[in-house]
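Biologist: Could you walk me through this model before I head back to the bench?

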Amino acid sequence: MTALLELRGVSKVYGEGPARVQALRGVDLAVDPGVMVAVMGPSGSGKSTLLTIAGSLEEPTSGEVLVGGALLGGMSRSARARLRRRAIGYVFQDYNLLPGLTAAENVALPLELDGVPARRARGSARAVLAELGLDERAGQFPDELSGGERQRVAIARAVVGERRLLLADEPSGALDSAAGETVMRLLHAACRRGVGAVVVTHDAQLASWADRVVFLRDGRLVDQTAPLPDPQTLLTPGPCE
Amino acid sequence: MRSAFYTEYYLRHDTERGQAVSVRHALLALLSEGPKYGLQLREEFEARTGEVWPLNVGQVYTTLQRLERDGLAESDGGADDSPQKGYRITAAGAAELDGWLRTPPDLASPPRDELVIKVLVAARLPGADVHAVIQAHRRYLVQLMQQWTRIKEDGDDDLGLALAVDAELFRLDSVIRWLDAADARIRRVAASPPPPVPAGPPQPPLPPLRRGTGARR
């Protein structure tokens with residue numbers, strides 16, 4: 001099976017001399033279709049850098065990034081931009097919705113940028129919004145939506161079209177725990193449909209939705225969870241005697 | 001699976017934290033739903049044992065007699081151990097149940113937490129990698145949370161299950177937050193050790209902290 005995302009020995013250095021900061025050090029990571037990987041680590045551990053490099057928004061100083069088996073390093077700038085639009089969906093902490101567009105227009109935007117006729121793009125957008133329970137809100141502008149609704153619109157925008165790789169940076173942001181759980185359920189459901197996802201978070205409750213959790217420290221992947229045991233093992237007689 | 005979950009959850013909590021649900025209050029809760037016969041109460045006990053209340057069915061009649069004696073329940077006057085004897089909760093019983101629900105459990109005494117002790121020991125032990133110790137526990141706790149989250153995901157339509165799993169998730173999450181804070185604090189202290197305290201006049205001893213009063217496990 002071809003991994004949707006593969007990082008091979010990725011390092012990233014910012015600045016020079018005394019201002020030099022090594023954000024990532026030889027990171028290897030593979031994400032298969034249908035799998036959610038959470039990246040946990042303290043502030044400054046390199047989580048967001050890992051995500052921006054995985055999404056081709058930044059280039060690594062060394063190492064290779066492959067999306068759907070295609071090596072990003074060998075691509076022209078325009079080919080990378082096309083890949084970003086078609087293959088990768090982003091979910092940010094602060095939603096990044098355009099305030100002058102309705103929910104449906106925001107969701108349709110990446111398709112329209114990719115040349116899909118507006119009518120068809122809006123149709124796809126409305127279909128995804130309906131799946132996320134937002135069909136009644138499709139015509140609203142972002143400032144008319146609650147925080148939870150805005151994040152659901154952002155998820156709709158990330159999964160619309162044929163995109164198979166989701167990259168999420170603290171996706172529940174400032175939402176309360178119930179709305180945060182809704183966001184994670186949606187991302188998890190997308191993975192069950194075959195999408196691969198990388199979720200960067202410092203929140204263990206969000207990370208616990210992932211199939212695998214990797215731990216980043218000072219730019220290095222230092223540890224990861226074991227394959228998930230059967231939850232039933234929690235229900236076998238334990239410490240009570 | 002859910003029945004097993006409830007049994008395990010409540011048994012474990014009864015064992016570790018004292019009797020979380022007394023027979024007395026469980027019976028009052030059943031009676032607060034409306035008047036019931038002794039037989040009915042026993043059957044509801046049996047039905048719910050293994051779900052919410054893992055109670056000894058044999059205690060039902062004894063406890064009913066005590067509730068009646070204390071004025072918390074009243075009967076229709078049949079023979080004491082007759083299955084057809086009816087019971088209803090009294091106003092005093094309803095107040096007792098309400099008071100029990102609102103009384104916070106004893107969380108004032110800090111428990112002797114094995115994990116905290118291990119991290120404290122690792123932080124002082126020459127040659128021990130305290131950060132590796134912390135990470136080993138962090139990884140284990142995250143794995144536990146993944147398992148609980150799967151249970152919640154599968155049982156989303158079951159309110160009791162979701163509430164109980166949330167309680168476990170928040171509890172484990174708080175331990176991970178403590179580990180993160182401990183990790184950061186130990187790194188900070190290692191990066192800038194505190195300056196030596198200059199010798200001064202002798203100070204009166206501080207009063208002792210309340211120690212050793214927590215629940216032993």
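What follows is a short chat about the overall shape and one helix pair.

Modeller: Quick warning: this is a predicted model, where local features need pLDDT of at least 70, side-chain atom pairs count only at pLDDT 80 or more, and totals for chains, interfaces and linings use all residues. Residues are numbered from 1 along each chain as its sequence is written, while chains are lettered from A and ligands numbered from 1 in the order in which they are written.

Biologist: What is the radius of gyration of chain A?

Modeller: It's taken over C-alpha atoms, and the globule rule is 2.2 Å times the number of residues to the power 0.38. For 241 residues a compact globule would come out near 18 Å, and chain A agrees with that, at 19 Å.

Biologist: What share of the residues in chain A is buried?

Modeller: Buried means 20 or more other C-beta atoms within 10 Å of the residue's own, with C-beta atoms placed from the backbone. Of the 241 residues in chain A, the buried share is 44%.

Biologist: Are α3(A) and α4(A) parallel or oblique?

Modeller: Helix α3 (residues 103-113) and helix α4 (residues 118-131) of chain A pack with axes 8 Å apart, at about 125°. Axes are lines fitted to C-alpha atoms over the stretch in contact, and angles run from 0 to 180 degrees between N-to-C directions. Under 35 degrees is roughly parallel, over 145 roughly antiparallel, 65 to 115 roughly perpendicular and the rest oblique. So α3(A) is, relative to α4(A), oblique.

Notes
Buried ≥ 20, exposed ≤ 12 C-beta atoms within 10 Å, placed from the backbone. Helix = DSSP H or I, 4+ residues; strand = E, 2+ residues; numbered from the N terminus.
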